[in-house]
Amino acid sequence: MKLFWAPQTRSTRVFWMLEESGIRYETVCVDIHAEKRSDSQEFLAASPMGKVPAIVDGDVKMAESAAICLYIADRYNAGQLAPAVDSADRGKFLYWIMYTPAVIEPAMSEKFHDIPANKHRSGWGDFETMIQTFDDGLEGKDWILGDNFSAADVMLGSSVVFLRMFKMLPDSRNLDAYADRCLSRTGYAKAMALSSA
Ligand SMILES: N[C@@H](CCC(=O)N[C@@H](CS)C(=O)NCC(=O)O)C(=O)O
């Protein structure tokens, strides 16, 4: 497995996922801030938009952090970091792993840029509904599926830590405690150390 990454980007999620997964990987740092990019063909084959994170794993070449986390969990940790395809938890797992790119990120961006929300027209609803739904989803649970940490927590956990870092996280006992639980995982600490350089 080869991970294309850049410091202080969404690459941290995939470092975290790989650390939780326990598989061996190598890394290639991409200079996404270069004035003139000279991306390798291998990187562009995995990430046609030239965005990190991206991976190459044998014949598999792909980008998009949620898709990568799902791929790793299904391919290497099925039944552990991803419920089996015929498990009753699978639907919820897929819902929550997509919640970051489909709902959290667009709602956050709208709020950050002070763009007026239109809850019914936008697929992500609005910031307040996004937070409330996330908060409700964690009620009475350590992790989004209950007792077991999964790849969905990598995506959601990285988002909640980011929201808190940017002081966008409203008062929420559930989300605050969840962020702390994520931060206390060894895999998260390793990912931070590896991806901040
Ligand atoms: N939806 C993508 C977003 C990827 C993305 O926006 N990556 C940024 C860094 S966080 C990037 O590569 N920016 C450099 C560029 O667009 O050239 C994902 O979740 O992986």
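I count a residue as near the ligand if its C-beta atom, placed from the backbone, lies within 6 Å of it. I'm working on a predicted model.

**Entry 1: ligand shell**

With that cut-off, I get Thr9, Arg10, Ile32, Gly50, Lys51, Val52, Pro53, Glu64, Ser65 and Pro101 around the ligand. Sorted by class, I have four nonpolar, three polar and three charged residues in this shell. I flagged Val52, Pro53 and Glu64 from that list for a backbone check.

**Entry 2: backbone check on the shell**

I started with the Val52 to Pro53 peptide bond, and it is cis, with omega near 0 degrees. Pro53 sits in the loop that runs between α2 (41-46) and β3. Then I looked up Glu64, and its phi is positive, near 80 degrees, in a residue that isn't glycine. I noted these two because most residues other than glycine have a negative phi, and most peptide bonds are trans.

Where is Glu64 placed? I find Glu64 in the loop between β4 (60-63) and α3. Is Glu64 exposed or partly exposed? I count 16 other C-beta atoms within 10 Å of Glu64, so it goes down as partly exposed.

**Entry 3: the whole chain**

I zoomed out to the protein chain and tallied eight helices and four strands. Reading from the N terminus, I get the order β-α-β-α-β-β-α-α-α-α-α-α. The radius of gyration comes out at 17 Å, close to the 16 Å that the globule rule gives for 197 residues, so I call the chain as compact as a globular protein of that length. Along the principal axes, the C-alpha trace spans about 40 × 40 × 30 Å.

For burial, I get 36% of the 197 residues counted as buried. I also checked contacts between residues at least 6 apart in sequence, and 60% of these join residues at least 24 apart.

**Entry 4: two domains**

The domain assignment I pulled up splits the chain into domain 1 (2-77) and domain 2 (90-188). Their C-alpha centres lie 22 Å apart. I find eleven residues from domain 1 and ten residues from domain 2 in the contact.

Which elements each supply at least two residues to the domain 1 side? I get α1 (11-21) and α3 (65-76). Of the elements on that side, α1 gives the most, with six residues. By class, I split the domain 1 side into six nonpolar, two polar and three charged residues.

**Entry 5: α1**

Given its part in the contact, I looked at α1 next. How many residues of α1 are buried? I count eleven of the eleven, so α1 is largely enclosed by the rest of the structure. The buried set includes Arg13, Glu19 and Glu20 as well as Phe15, Trp16 and Leu18. I find these buried residues of α1 packed against β1 (2-5), β3 (54-57), α3, α6 (151-165) and α8 (186-195). Just after α1, I come to Gly22, with a positive phi of about 85 degrees.

**Entry 6: α6**

I followed the packing list over to α6 and checked its length. At 1.5 Å a residue, its 15 residues should span 21 Å, and I get 21 Å between the end C-alpha atoms, which agrees. I have α6 down as mostly covered, with eleven of its 15 residues buried. Among them are Asp153, Met155, Leu156, Val160 and Leu163. What covers the buried residues of α6 includes α1, α3, α4 (90-112) and α7 (173-183).

**Entry 7: loops on either side of α6**

On one side, I looked up Lys141, which lies in the loop between α5 (127-138) and α6. I find 13 C-beta neighbours inside 10 Å, so Lys141 counts as partly exposed. I also took the C-alpha to C-alpha distance from Lys141 to Tyr178: the two are 37 residues apart in sequence and 9.0 Å apart in space.

On the other side, α6 is followed by Lys167, and I place Lys167 in the loop between α6 and α7. Its phi is near 55 degrees, a positive value in a residue other than glycine. Is Lys167 buried or exposed? I count 6 other C-beta atoms within 10 Å, so Lys167 is exposed.

Technical notes
Residues numbered from 1 in each chain as written. Predicted model: local features only at pLDDT ≥ 70, side-chain atom pairs only at ≥ 80, totals over all residues. Domains from an automatic or database assignment. Contact = placed C-beta atoms within 7 Å. Nonpolar A, V, L, I, M, F, W, Y, C, P; charged D, E, K, R; others polar. Rg over C-alpha atoms; globule rule 2.2 N^0.38 Å. Buried ≥ 20, exposed ≤ 12 C-beta atoms within 10 Å, placed from the backbone. Expected span 1.5 Å × (residues − 1).
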